[in-house]
Amino acid sequence: MNPVHNPFAPGAGTPPPELAGRDDLRETVRIALERTRLRLPAKSILMVGLRGVGKTVLLDRMRDDAETAGIHTLRVESPERRSLPALLAPQLRQALLRLSRQEKARALAQRALRGLAGFAKALKVKYADIEVGLDFDPEPGLADNGDLEHDLQDLLEAAGAAAETAGTALALFVDELQYVEENELAALITALHRTAQRRQPVIMVGAGLPQLCGRMGKAKSYAERLFDFPRIGPLAPDAARLAIAKPARDNAVLIDPDALALILLQTQGYPYFLQEWGKHAWDTADASPISKADVELASASALAALDESFFRVRFDRLTPQEKRYLRAMGELGPGPHRSGDIADILGRPVSSFGPTRNQLISKGMIWSPNHGDTAFTVPLFDEFMHRIMPGTDWKN
Ligand SMILES: Nc1ncnc2c1ncn2[C@@H]1O[C@H](COP(=O)(O)OP(=O)(O)OP(=O)(O)O)[C@@H](O)[C@H]1O
Ligand SMILES: [Mg+2]
């Protein structure tokens, strides 16, 4: 069918035509934000899930929901090798400037902006990547110690006080939280702990890979009590069907039940894969309804597209040694796998793979569901490893 009208949207962070199966979580976050605004106790929420399950688009949708409800938000994505203060500072400035336009909040928002000036100047030595416009001179003693844990706490308190006078809340939306350095994570947790204790209307809604839970606990042992960690996984069958059938129907296209069943089987309900299969099934079919035969044909091109994008971008960032390690994991199947079994495949002692395994964890390729276990963070990556490194040469 005409690709011009194809509604499906595979891509990192690309909003889907139908955000299926996430209403409960959106409602949970909505309630937490409203409670925060009313200065009632509410936990910050960190959504964890594998690659491509829809964390980013959900975070963006929740942010839109919050903005529509009059909550002040800021949005940060933590790439590898950028410091948290550098990411937060410009976003916080924007939020505070917006708040300062409200008569009631002006004085306190300006005070927080002075705090931001002190924060940026004092921390510039340690975090050279901080670049932020300064609207006011620092206020001596406010967030300017040069110690991140202390200063971030001061700064969020000052920002929280401004939000409070405006009758709103400040919500920090942070994506890819697993890449934040441990001491920076600790500072963020402490600051949120402090604002929660003081019932200030500041809350975080974050997202990250499953290793995030462990990292949070390591950064601050009380983090597990302070946050909720809802898991985001593949879509349940009804939601997965809706994700495909509704956008098609909205475009006056039907899909046969057995065609839909085949899409569910092949994608296992993973959102990224659903979008890719939906897109290729649409392009392959000549006319409505999309048939099972169309989906069978489309599967090869959908998989090829994934290999060239979703899987490939991850593979290309790996060293030869890391590739061999993941290939050995793939040899064992979807996982999780015992580290000893992976080492056995490669014919060397477990200890010799410690550094490789750690690098793969910090690159966000694998994680450890339990001590000594290793699992992929990318769904179906085991099968991809077979396709991209076929045969047995990789063992040598
Ligand atoms: N609930 C959903 N229903 C249908 N499609 C979805 C849903 N959530 C996400 N998608 C689609 O899945 C793809 C991946 O979404 P997104 O980039 O948000 O995933 P992610 O979890 O952030 O992945 P990564 O860990 O790689 O950043 C996008 O093409 C998006 O349109
Ligand atoms: Mg994402």
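## Reading a predicted model, feature by feature

Q: In S8, which residue is the bridge partner of isoleucine 366?

A: In S8, isoleucine 366 has phenylalanine 376 as its bridge partner. Keep in mind that you're looking at a predicted model. In general, strands of a sheet pair through backbone hydrogen bonds, in a parallel or an antiparallel way. Here, S7 and strand S8 (residues 373–376) pair in the antiparallel sense, and two bridges link them.

Q: In which order do the three strands of that open sheet come?

A: Read across the sheet, not along the chain. The order is S6-S8-S7, with antiparallel pairing. Strand S6 (337–338) and strand S7 (366–367) are the edge strands, each pairing on one side only.

Q: There's also an open sheet with five strands; is its pairing parallel or antiparallel?

A: That pairing is parallel, and the strands come in the order S2-S3-S4-S1-S5. At the edges sit strand S2 (72–77) and strand S5 (227–228), which each pair on one side only.

Q: How many bridges join strand S1 to S5?

A: Strand S1 (residues 44–48) and S5 run parallel and are joined by two bridges. To find one of these spots, look at serine 44: phenylalanine 227 is its bridge partner in S5.

Q: Which strands does helix H1 touch when it packs on the sheet?

A: Helix H1 (residues 23–37) touches S1, strand S3 (170–175) and strand S4 (202–208). You can also compare directions: H1 makes about 155 degrees with S4. Another helix to try is H2 (residues 55–68), which lies across S1, S2, S3 and S4 and runs at about 160 degrees to S2.

Q: Now the ligand. How many residues surround ligand 1?

A: Start by listing the neighbours, then ask what kind they are. Ligand 1 has 27 residues around it, and the closest are Ala9, Gly13, Thr14, Lys55 and Thr56. By type, the shell splits into 14 nonpolar, seven polar and six charged residues. H2 and helix H11 (271–284) each give the shell at least two residues.

Q: Which polar atoms of the protein lie 3.3 Å, 2.7 Å and 3.1 Å from ligand 1?

A: Check whether each one belongs to the backbone or a side chain. With glutamate 18, a polar backbone atom is 3.3 Å from a nitrogen atom of ligand 1. With threonine 56, an N or O atom in the side chain is 2.7 Å from an oxygen atom of the ligand. With arginine 314, a polar side-chain atom lies 3.1 Å from an oxygen atom of ligand 1. As for cover, ligand 1 exposes 640 Å² when taken alone, and the protein buries 98% of that.

Q: Where is proline 230, and what does it touch?

A: Proline 230 is in the loop between S5 and helix H9 (237–250). Leaving out residues up to four places away in sequence, proline 230 touches Leu25, Ile45, Leu46, Met47 and Val48. Try the C-alpha atoms too: those of proline 230 and glycine 49 are 8.8 Å apart, although 181 residues separate them along the chain.

Q: What should I look for in the backbone angles?

A: Look for the exceptions, because most peptide bonds are trans and most residues other than glycine have a negative phi. One cis peptide bond joins serine 288 and proline 289, with omega about -5 degrees. Proline 289 is in the loop between H11 and helix H12 (292–308). From glycine 335 to proline 336 the bond is also cis, with omega near 0 degrees. Proline 336 sits in the loop between helix H14 (320–332) and S6.

Q: And what is the phi of alanine 143?

A: Alanine 143 isn't a glycine, yet its phi is positive, about 55 degrees. You'll find alanine 143 in the loop between helix H4 (106–123) and helix H5 (148–165).

Conventions: Residues numbered from 1 in each chain as written. Chains lettered and ligands numbered in written order. Predicted model: local features only at pLDDT ≥ 70, side-chain atom pairs only at ≥ 80, totals over all residues. Heavy atoms only, no water. Pairing = 2+ DSSP bridges. Helix = DSSP H or I, 4+ residues; strand = E, 2+ residues; numbered from the N terminus. Contact = heavy atoms within 4.5 Å. Axes fitted to C-alpha atoms, helices over the stretch in contact; angles between N-to-C directions. Near = heavy atom within 4 Å. Polar contact = N/O pair within 3.5 Å; in protein donor to acceptor, adjacent residues only side chain to side chain. Areas by Shrake-Rupley, 256 points an atom, 1.4 Å probe, with all protein chains shown as cover. Nonpolar A, V, L, I, M, F, W, Y, C, P; charged D, E, K, R; others polar.
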